[in-house]
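Dear colleague,

I am handing over the structure below, and my notes on what was found in it follow directly after. Please read them with the coordinates open beside you.

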Amino acid sequence: MSETGDQFAGTSARSTKHSPRVDEELEHEIQGMLKAERATRAEEWREVEPVAEGEPDIDADPQGTLVGGVPVGMTEDAVVARAELARWLDRADFPSDGPALVEAALDHRAPDAVVDELRRLPEGQTYERIGDVVRALGYPTET
């Protein structure tokens, strides 16, 4: 048998961390969780412990401040809006006009709020990157 590059002849493109049997067992184990959108463990000790009474809820944005701060010239709302738009639009979606960006967001299954925001884009303009989209929507950008 011969080798090509760093692979031995006869190896497949599957995961090398587990055997196919273990991969199938792991996939089967999480199917209930994916379909039910909640934990499905039979043993209570395996469940994630809930937040204790009187403890503060865990929040991605504690006390309304973004981790790392806000760039000069921007507001917290602008940072959150830009991040949310960038989350649902890929680099491959640019350059594009407003309707094409709406279609791209729908293809990526973006939430209705993101799609509605993109529908506010002015007609007839081409956007090269997410910063152009944010500025066109009226959000301040960093200076």
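P95 sits in the loop that runs between α2 and β3, and in this predicted model the peptide bond joining F94 to P95 is cis, with omega at about -10 degrees. A second backbone feature is found at R109, in the loop between α3 and α4, where phi is positive, near 60 degrees, although the residue is not a glycine. Both deserve a careful look, because most residues other than glycine have a negative phi, and most peptide bonds are trans. With a relative accessibility of 72%, R109 counts as exposed, since the cut-off for that class is over 50%.

Helix α3 spans residues 98–107, and its buried residues are G98, L101, V102, A104 and A105. Viewed down the axis of α3, these buried residues fall within an arc of 160 degrees, so they line one face of the helix. The general background is that an α-helix has 3.6 residues a turn, so residues three or four places apart point the same way. The cover over the buried residues of α3 includes α2 (76–88), β3 (96–97), α4 (112–119), β4 (126–127) and α5 (130–136). As for the ends of the helix, D97 caps the N-terminal one, with a side-chain oxygen 3.2 Å from the backbone nitrogen of A100, while R109, with its positive phi, follows α3.

How do α3 and α4 pack, and at what angle? The angle between them is about 170 degrees and their axes are 9 Å apart; as angles over 145 degrees count as roughly antiparallel, α3 and α4 are therefore roughly antiparallel to each other. The residues that meet are L101, V102, A105 and L106 on the α3 side, and V115, L118 and R119 on the α4 side.

The largest nonpolar core has 17 residues, of which L85, L89, L101, L118, L121 and V133 touch the most other members. The elements that supply two or more residues to this core are α2, α3, α4 and α5, and α3 gives the most, with 4 residues. L101 is worth following individually: leaving aside its neighbours within four places in sequence, L101 is in contact with L89, D93, F94, S96, L118, L121, Y127 and V133. F94, one of these contacts of L101, is also the residue joined to P95 by the cis peptide bond.

Finally, two residues in the segment after α5 are of interest, namely Y139 and T141. Y139 is partly exposed, with a relative accessible area of 23%, whereas T141, at 18% relative accessibility, counts as buried because the cut-off for that class is under 20%. Setting aside neighbours within four places in sequence, T141 is in contact with V72, G73, M74, G131, V134 and R135. On the same basis, the contacts of Y139 are D77, A78, A81, E117, R120 and V134, and with E117 there is a polar contact of 2.7 Å between the side chains. Y139 and V79 are 60 residues apart in sequence, yet their C-alpha atoms are 8.8 Å apart in space.

With best regards

Key: Residues numbered from 1 in each chain as written. Predicted model: local features only at pLDDT ≥ 70, side-chain atom pairs only at ≥ 80, totals over all residues. Heavy atoms only, no water. Buried < 20%, exposed > 50% of the residue type's maximum accessible area, 1.4 Å probe, protein only. Arc of directions from axis to C-beta. Contact = heavy atoms within 4.5 Å. Polar contact = N/O pair within 3.5 Å; in protein donor to acceptor, adjacent residues only side chain to side chain. Core = buried A, V, L, I, M, F, W, Y, C linked by side-chain atoms within 4.5 Å. Axes fitted to C-alpha atoms, helices over the stretch in contact; angles between N-to-C directions. Parallel < 35°, antiparallel > 145°, perpendicular 65-115°, else oblique.
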